[in-house]
Amino acid sequence: MIDERAETRKGVDMKIDLIAKKNWTGRVLVGFMFDGDKTPLAIPGDEGKSLAAVAAGEKFTGQFKKTSLLRGTGDGGRGTGEEGRKLILAGLGKRKEFELDRVRSASAKALKRAEEIGAESVGLLVPDNKEVRGELADFVAAAVEGAILSSYRFDKYRTPKADEAKAVGELTLVFANTKNLSVAMRKAVGEVVARSEAVCFTRDLANEPPSPKPPEKMAEIATGLAKKGRITVEVMHKAELEKLGMGGILRVGAGSHQPPCLVHLTYTPAGKSKQTVVVIGKGVTFDSGGISIKPSAGMEAMKDDMAGAGSVLGLFKWLGSVDVPVTVHGLAPFAENMPGGGAQKPGDVIRHYNGKTAEVISTDAEGRHLLADCLAYGSTLKPDLMIDIATLTGACVVALGDEYSALLGTDKRTIDRLISVGKQQGEFFWELPLPDRYKSHLKSKVADMKHVGKPGIAGTITAGLFLKEFVGEGVPWVHIDIAGPSFTKEGWDYAPAGATGVPLRTIAALLRKGV
Ligand code: BES
Ligand code: ZN
Ligand code: ZN
């Protein structure tokens, strides 16, 4: 059985409060500083100047990702004013290089420093409007997001060591200018907390070991999401998939004792829905490669092969608490790719939902069969946009590394939007071409096409060309290959080692405004 945490994460592990500075009684305060400024943000005048001078003595001038710890008079005598209080300054770098994502990273660095000094509760000094570029609420939301996402831990199977730093449990936003403590500010903070919860939920799902999360278990978790907001769910089990002719999902799942299934979640907006979006996510709960079995070294990482579907479920967790102006269909096909007695074999021919057949060359190229069924099925919903998210090809990691996801598709406008929205979110995308000239790589003598191209040649692109065959005529479509960024081995600024939740935040930001 799955431990309950992945399915019952009710909130983030950090308590968030907003308070006027005069009422704040905490001991550890975090402030931000731009490199080149005379004072930290929200600490003007002589007080700010003397603090900056003390920090400069330790070579801190506000450099990006650097922090400085200043102790209160009762604790070292370096003059932060208040007895025993500590101030952590977090560098944002030069003003002219500023982008919002720096706030997330700086906030994460400050929280790490707070953790190291054993702080359980931290105040975060909110700048004034005129001190930052853009909306203050965006700055504050980014700081909160960086704090929450960097404090995420997947500890349910681990006994923490006695001397291990504990994550900060409480974050209080401290407002020097109480005019900024507005309803809109509270709303912005509430929204970012909800979105962070969804990211942590997605990370939990992908970090979960493979055996406790077979397809039917994933469907049960998805079903739980339909209890909130305007969300409904339909789960298509093996018998229904057979009736529908979803050969891709069925054949990939045939090598496992755990039957495959297809989850269809639907969000209907409160107001009149203007557009329909379909979001599909690859949900291979473990990818052993099947009969074309993978080398054993590193195979444990293939528990993450459902990260695309995990993002879809995370999106619906988020949709349970926000209003977006579009109807959203989430399709999450789940299967375990195993080499059991009933498994698909190289040489087999698979017939997909739209009737097109594919010759199997490697049973390790399984994800595209799940997506093929769903792209064809999703097209029948006549969407204005169809996106699929998948840990699809190792070739993508070779091409773009572990921080960039590949975008391929027919909807150039959405591809451009994903790149620019992603940059603001600190999630990175790059477009790869989808040229008809490479379609010849998929020619088969026994079926409508082969499901893979030539070994070692344009593996991400030919996977995209295969998928394109299943997208209905005139349906704007984007494929996102997250094989690299779905997982980080060493950890990033505000994503600890493990599942990252990419690209949930970018898709959420996109849907928020309508497509
Ligand atoms: N799940 C893998 C892709 C993958 C690789 C994801 C590395 C994350 C990190 C996928 O199912 C796969 O095995 N693809 C094959 C395709 C090949 C057989 C054409 C690959 O990329 O090697
Ligand atoms: Zn595979
Ligand atoms: Zn796979």
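Which residues are buried in helix 13? In helix 13 the buried residues are Thr460, Ile461, Thr462, Ala463, Gly464, Leu465, Phe466 and Leu467, where buried means under 20% relative accessible area, exposed over 50% and partly exposed in between, with a 1.4 Å probe and protein chains only. Helix 13 (residues 459-468) is thus mostly covered, with eight of its 10 residues buried; helices (H or I, at least four residues) and strands (E, at least two) are DSSP runs, numbered from the N terminus.

This is a predicted model, in which local features need pLDDT of at least 70 and side-chain atom pairs count only at pLDDT 80 or more, whereas totals for chains, interfaces and linings use all residues. Residues are numbered from 1 along each chain as its sequence is written, chains are lettered from A and ligands numbered from 1 in the order in which they are written, and side-chain values use heavy atoms, with hydrogens and water left out.

**The chain as a whole**

The protein chain has 14 helices and 20 strands, and its C-alpha trace spans about 80 × 50 × 45 Å along the principal axes. Its radius of gyration is 24 Å, which agrees with the value near 24 Å for a compact globule of 515 residues; this radius is taken over C-alpha atoms, and the globule rule is 2.2 Å times the number of residues to the power 0.38. Buried residues account for 57% of the 515 residues. Of the contacts (heavy atoms within 4.5 Å) between residues at least 6 apart in sequence, 77% join residues at least 24 apart.

**The two zinc ions**

The zinc ion (ligand 2) and the zinc ion (ligand 3) lie 3.2 Å apart, and Asp287 bridges them. Donors are N, O and S atoms within 2.8 Å of the metal (3.2 Å for Na, K and Ca), and water is not among the atoms, so sites may look incomplete.

| Zinc ion | Donors | Distances | Angles among six donor atoms |
|---|---|---|---|
| ligand 2 | Asp287 (OD), Asp364 (O), Asp364 (OD), Glu366 (OE) | 2.0 to 2.2 Å | 71 to 167 degrees |
| ligand 3 | Lys282 (NZ), Asp287 (OD), Asp305 (OD), Glu366 (OE) | 2.0 to 2.4 Å | 77 to 173 degrees |

The site of the zinc ion (ligand 2) is irregular, whereas that of the zinc ion (ligand 3) is octahedral. Six donors count as octahedral if opposite donors are over 155 degrees apart and all others between 65 and 115; four count as square planar under those limits, or as tetrahedral if all angles lie between 85 and 135 degrees, and anything else is irregular.

Along the chain, the donors of the zinc ion (ligand 2) follow the spacing D-x76-D-x1-E. This site links distant parts of the chain, with Asp287 in strand 10 (residues 283-287) and Glu366 in the loop between strand 13 (357-359) and helix 10 (367-379), 79 residues apart. Both Asp287 and Glu366 are buried.

For the zinc ion (ligand 3) the spacing of the donor residues is K-x4-D-x17-D-x60-E. Here Lys282, in the loop between strand 9 (275-281) and strand 10, is paired with Asp305, in the loop between strand 10 and helix 9 (307-319), 23 residues apart. Lys282 counts as buried at 2% relative accessibility, and Asp305 is buried with a relative accessible area of 2%.

**Helix 2**

Helix 2 (residues 45-57) has 13 residues and reaches 19 Å from its first C-alpha to its last, close to the 18 Å expected at 1.5 Å a residue, the expected span being 1.5 Å times one less than the number of residues. Its buried residues are Gly48, Leu51, Ala52 and Ala55. Seen down the axis of helix 2, these buried residues fall within an arc of 100 degrees, so they line one face of the helix; the arc is that of the directions from the helix axis to the C-beta atoms. They pack against strand 2 (28-35), strand 3 (67-71) and strand 4 (86-94), while the face turned away from the buried side carries the exposed residues Asp46, Ala53 and Gly57.

**Backbone details**

Ala42, in the loop between strand 2 and helix 2, has a positive phi near 70 degrees and is buried, with a relative accessible area of 13%. Ala458, in the loop between strand 17 (449-450) and helix 13, has a positive phi of about 45 degrees although it is not a glycine, and at 27% relative accessibility Ala458 counts as partly exposed. The peptide bond from Val502 to Pro503 is cis, with omega near 10 degrees.
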